[in-house]
Amino acid sequence: MQQITCSALIKHGSYINGSWQQHDNRFDVVNPSNQQLLAKIASADAADAEQAVLAADQAFAGWSAKPAAERSALLQAWYQLIMQHQDDLARLLTLEQGKPLSEAKGEIGYGAAYIQWFAEEAKRLYGDTIPAPSNDKRIIVQRQPVGVVAAITPWNFPNAMIARKAAAALAAGCTFVVKPAQQTPLSALALAELAHQAGIPPGVFNVVAGTDAKGIGEVLTRHAAVAKFSFTGSTAVGKQLLKQCADGVKRVSMELGGNAPFIVFDDADLDAAVQGLMAAKFRNAGQTCVCANRILVQRSVYQAFADKLAIAMTQLNVADGLTDGSQIGPLIDDKAVAKVTQLQQSALDGGAKLLLGGSRHSTGRQFFQPTLISDVNADMAISKEEIFGPVAALMAFDTEQQAIALANNTEYGLAAYFYSRDIGRVFRVAQALQFGMVGINEGIISNAAAPFGGVKQSGYGREGSKYGLDDYTDIKYLCLGGL
């Protein structure tokens, strides 16, 4: 922490209505690479969450009334400050989350890109005029901000998941309250400090950091002043939060679990497919919602692909995220290691074969070896659940139709990937895959210009792109008569 050059970015309490909160009750933030204490954070509770919601509600009228160009300028100032402090923000992120510093720096730029994107989109919140049924009437359609937006974000992307929600909300004219994951509050609080420096008014952007997830969550989903709720996290938790939002008939967007297939057809460029899989599978040590989870390889190229993949995986550098050249950092906690171990062992007990890795790494107790398993089948738990770790599980298929059926055989529908050089197959498979996002000959698909989101039990709503403001606005129809 002493290597953070701008000490103002290190905060130890929630940011509510433009002020930093303090409590005697505190919780620890630890480095997952070595379990060393990083900071003690004042633990907010349900009362603090309500205070933040009320502050956002009070600030809404003034913020929504600002001309779009003014909101845009403030978001641009926030973006510029984030990019000026990119190195410090990346180091802070690596310390509390564990991912390699190069990835953390990429996440800061990725999150900032959403703020820049929506700063521009704020000025493009267009409506419509519609031909009326008679000459003495006019029909006008306007888009207006929904009001106070509350959000809960995960630990795996502690900067970007907040930035892409808050950017759209603020651009639309909404005010915002977020509860970050208790494992990674420092990145969220640093964002709040920079929002403060950018001149974003008190109450417009609020961060509630605490360990009382249930109490804070109840406020953010049930409070009458909250108009919309946004969540990124597991499907199981998302379902519970949806139930809580239902009583208030709140606008909700959900970015939930995934079980992404990665399909390699026999006409694919195998070297490119390996490169794409390495990006899609091992980024953040496999702890991403769009991570390749089921690797489906056509039988005629199965062995060749497995051999190439094994060579690439042996070259991965497992190390503390601050170590030069680190490519695989730690898993977030011991429970994550236990889950990966259990899913792997269950597959091996069911007849799968261990080709590479398979245990904790010598770097530390929360590090896991890059692991390659073959002969996996669709009935194994590792094919049904998110692995959320650096374990690649290979499954063979024979025909295009079988690959599509295997890929769609999941309750999830967030991301899918496939590699093929047959243009007809590209369009057939892309159309048939039941997923919100499809990477075709590409392993990294997310960017601010594209709509991010899923179908089925992976949720609904889209973040980013020109569609990203839709969930933060209401459509109002004006009928002008007597003209």
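**Entry 1: the second largest pocket.** I began with the helices around the second largest pocket of this predicted model, and I found that α4 (101-121) and α5 (160-172) each supply at least two residues of its lining. Of these helices I noted α4 in particular, since α4 gives the most to that lining, with 4 residues. The space in this second largest pocket comes to about 280 Å³. I then looked up its centre and found that, of the 16 residues that line the pocket, Y110, F157, R283, I444 and S446 are the closest to that point. Sorted by class, the lining of the second largest pocket has 7 nonpolar, 3 polar and 6 charged residues.

**Entry 2: the largest pocket.** I turned next to the largest pocket, for which I wrote down a volume of about 1,100 Å³. Its lining is made up of 42 residues, and those closest to the centre are W155, F231, G233, S234 and V237. Which helix gives the most to this lining? I found that α8 does, with 6 residues, while α7 (213-222), β10, α8 (235-246) and α11 (334-349) are each listed as supplying at least two. By class I recorded 19 nonpolar, 13 polar and 10 charged residues in the lining of the largest pocket.

**Entry 3: closed spaces.** Rolling a probe the size of a water molecule over the atoms shows where empty space is left. I therefore asked how many cavities of 30 Å³ or more a search of the whole structure finds, and the search gave 2.

The largest cavity has a volume of about 40 Å³, and I listed its lining as G258, N259, A260, G286, T288, C289, C291, N293, E386, I387 and F388. This lining divides into 5 nonpolar, 5 polar and 1 charged residues.

The second largest cavity also holds about 40 Å³ of space, and around it I found K165, S230, F231, S253, M254, E255, F452, Y460, G461 and E463. Two strands stand out in my notes here, because β10 (226-232) and β11 (251-255) each supply at least two residues of the lining of this cavity, and β11 gives the most, with 3 residues. By class, the lining of the second largest cavity has 4 nonpolar, 3 polar and 3 charged residues. I also noted that F231 appears both in the lining of this cavity and among the residues closest to the centre of the largest pocket.

**Entry 4: the nonpolar cores.** In soluble globular proteins, nonpolar side chains tend to be buried together. In this model I looked up the largest nonpolar core, which has 139 residues, and found that W78, F176, F305, L309 and I382 touch the most other members. The helix α5 gives the most to this core, with 11 residues.

I followed F176 further and, leaving aside its neighbours within four places in sequence, found F176 in contact with A56, V149, A151, I162, K165, A166, A169, L170, V204, F205 and N206. One of these contacts, K165, is a residue I had already met in the lining of the second largest cavity. A second core, separate from the largest, has 23 residues, and V148, I152, V208 and L241 are among them.

**Entry 5: the annotated domain.** Last, I consulted the UniProt record, an unreviewed entry, which lists residues 22-477 as "domain: Aldehyde dehydrogenase". Over residues 22-477 I noted that the chain is 40% helix and 21% strand, with the end C-alpha atoms 45 Å apart.

Conventions. Residues are numbered from 1 along each chain as its sequence is written. This is a predicted model: local features need pLDDT of at least 70, side-chain atom pairs count only at pLDDT 80 or more; totals for chains, interfaces and linings use all residues. Side-chain values use heavy atoms; hydrogens and water are left out. UniProt positions are given in the numbering used here, feature names are shortened, and annotations may be inferred rather than shown by experiment. On a 1 Å grid over the protein atoms alone, a cavity is a set of points where a 1.4 Å probe fits but cannot get out, and a pocket is an open set with protein on both sides within 12 Å along at least five of seven lines; lining residues have an atom within 4 Å of a point. Grid points are joined across faces, edges and corners, and a volume is the space filled by probe spheres set on the points. Ala, Val, Leu, Ile, Met, Phe, Trp, Tyr, Cys and Pro count as nonpolar, Asp, Glu, Lys and Arg as charged, and the others, Gly among them, as polar. A nonpolar core is a set of buried Ala, Val, Leu, Ile, Met, Phe, Trp, Tyr and Cys residues joined through side-chain atoms within 4.5 Å. Buried means under 20% relative accessible area, exposed over 50%, partly exposed in between (1.4 Å probe, protein chains only). Contact means heavy atoms within 4.5 Å.
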